[in-house]
Amino acid sequence: MNRLICSRTGETYPLDDLRWCSQNGGLLDLEFAASFDPEQIKYRPKTMWRYREAIPIRSDTEVISFDEGFTPLQRVRLGKKSLLVKLDFLFPTGSFKDRGASVLITQVKSLGIKKVVQDSSGNAGCAVACYCARAGIECEIFVPDKTSPGKLAQIAMYGASLSKVRGSREDTAAAAFAAAKNHFYASHVWNPFFFQGTKTFAYEICEQLEWQAPDTVVLPAGNGTLLLGTYIGFKDLLLAGIIRQMPKLVVVQAAHCAPLHQAFTQGLSTLAEIKPQATLAEGIAIARPLRGEQMLATIAESGGQVITVEEEEIRKALTEVSRQGFYVEPTTGAVVAGARNYLEQEAQEDELVVSVFTGHGLKSSEKMTKLCSLKH
Ligand SMILES: *Cc1c(COP(=O)(O)O)cnc(C)c1O
């Protein structure tokens, strides 16, 4: 039952196959029976690796880790309401992407791979570069040339070679895809091991709520690594009999780049073509997410929805949480704005809503500088 499976044809491969896509170029998913022993887990170090038996890495493998994860789950006020927020900006590289990179690079190292290529609009590149540095693996990161300078510096300082690509995010992906002919593609979108790391987000929420699922989780979605990981995590907990219901997954996109919103409200199962505009939320500015169909299916299955937020709402939300001492990046401002709207307009009085701060504000110093000078 533990295997890689092509999402197009159902063709299967062993977990330790040296591949990041199927024979015919399809996306791979990963099937794995996760197991949990809450009694044992409770005495382990507070890191995402405390769920060792639920992560599909052989037990004799060296884990590439900084003891990351098990981030705080704190109550945060938004307007007149409040909700619980997972502080996932407190990771070694400053974003939740470390969850995925830790598992993916552990797998890559165990396969004996010496060099990887990857593409990112910033934070996934930082995470992969960081864990490659820890593992002693060479890496080349392709980024759009408009990526925040702070993120570029971070990637370069980890020792990765940086290839800036002119044009759209899709042009960057195409450049990495071409390089992947010669080197292993450690893609956070293609490689299903990445999602086996982001799923620990759901495990931690559940354990922090005394092994219960919240009613609703409000998440950002660009490429869907957090959304799909969260779905897999709760699904694992359901199948293991630990929780009884999948939480409602409420997904936030910037109105300036909202391919899921358009498709979801029209009841489509495939993505609509959109014309994206620039947005402060650079981390979710993905006009054509590769796993878009999976994302739509996941949201629908959970009884969730897609909401969009305007640039002005993102700015206001960012200020609101900054004034409470949370310095998060503009992309996270979009999630906060969405969560705020959801609480005000949709949530029931007793609904247990969890959201997430995805990235650290120190990543986006130039944007932040502009944002506060606007006000003087
Ligand atoms: C990557 C990222 C997101 C969006 O996550 P996806 O996996 O692309 O959906 C949101 N916020 C931050 C800070 C990110 O780095």
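**Exercise 1. Identify which side chains meet in a salt bridge at 2.9 Å (N to O), and establish where both residues lie.**

Solution. In this predicted model, the side chains of Glu344 and Arg340 form the salt bridge, with an N to O distance of 2.9 Å. As a next step, both residues are placed in helix α12, which covers residues 330-345, and their separation of four residues corresponds to about one turn of the helix. Glu344 has a relative accessible area of 46% and is partly exposed, and Arg340, with 24%, is partly exposed as well.

**Exercise 2. Decide whether the span of α12 agrees or disagrees with its number of residues, and state how many of its residues are buried.**

Solution. Taking 1.5 Å a residue, the 16 residues of α12 should span 22 Å; the expected span is 1.5 Å times one less than the number of residues. The end C-alpha atoms of α12 are 23 Å apart, which agrees with that expectation. As for burial, 13 of the 16 residues are buried, so that the helix is mostly covered, where buried means under 20% relative accessible area.

**Exercise 3. Work out which parts of the chain are tied together by the salt bridge of Glu207 and Arg50, and whether each residue is buried or exposed.**

Solution. A search of the whole structure finds 21 salt bridges, and one of them joins the side chains of Glu207 and Arg50 at 2.6 Å, N to O. Glu207 lies in helix α7 (residues 200-208), whereas Arg50 lies in the loop between α1 (38-41) and β4 (73-78), so the pair ties together parts that are 157 residues apart in sequence. Glu207 has a relative accessible area of 12% and is buried, and Arg50 is buried at 2%.

**Exercise 4. Determine which helices hold Arg99 and Glu204, and which residues are linked with them in a network.**

Solution. The side chains of Arg99 and Glu204 meet in a salt bridge of 2.7 Å, N to O. Because Arg99 belongs to helix α2 (residues 97-110) and Glu204 to helix α7, the pair ties together parts that are 105 residues apart in sequence. The relative accessibility of Arg99 is 0%, which counts as buried, and Glu204 likewise counts as buried at 0%. Extending the search from this pair, one finds that Lys86 and Asp88 are linked with Arg99 and Glu204 in a network of salt bridges.

**Exercise 5. Describe how the axes of α7 and α8 cross, and list the residues through which the two helices meet.**

Solution. The axes of α7 and helix α8 (residues 225-239) come within 6 Å and cross at roughly 55°, and the two helices are therefore oblique to each other. On the α7 side the contact involves Phe201, Ala202, Tyr203 and Cys206, and on the α8 side it involves Leu226, Thr230, Gly233, Phe234, Asp236 and Leu237.

**Exercise 6. Find the order and the edge strands of the open sheet of four strands, and then the sense in which β1 and β3 pair.**

Solution. The four strands follow the order β8-β7-β6-β9 with parallel pairing, and the edge strands, each pairing on one side only, are β8 (161-165) and β9 (184-185). Strand β7 (residues 138-144) is joined to β8 by five bridges, and Glu140 has Ser161 of β8 as its bridge partner. Strand β1 (residues 3-6), by comparison, pairs with β3 in the antiparallel sense over four bridges, and Arg3 has Glu31 of β3 as its bridge partner. Within β3 (residues 28-31), Leu28 and Leu30 make up the covered face, whereas Asp29 and Glu31 make up the uncovered one.

Conventions: Residues numbered from 1 in each chain as written. Predicted model: local features only at pLDDT ≥ 70, side-chain atom pairs only at ≥ 80, totals over all residues. Heavy atoms only, no water. Salt bridge = Lys/Arg side-chain N within 4 Å of Asp/Glu carboxyl O. Buried < 20%, exposed > 50% of the residue type's maximum accessible area, 1.4 Å probe, protein only. Pairing = 2+ DSSP bridges. Axes fitted to C-alpha atoms, helices over the stretch in contact; angles between N-to-C directions. Parallel < 35°, antiparallel > 145°, perpendicular 65-115°, else oblique. Contact = heavy atoms within 4.5 Å.
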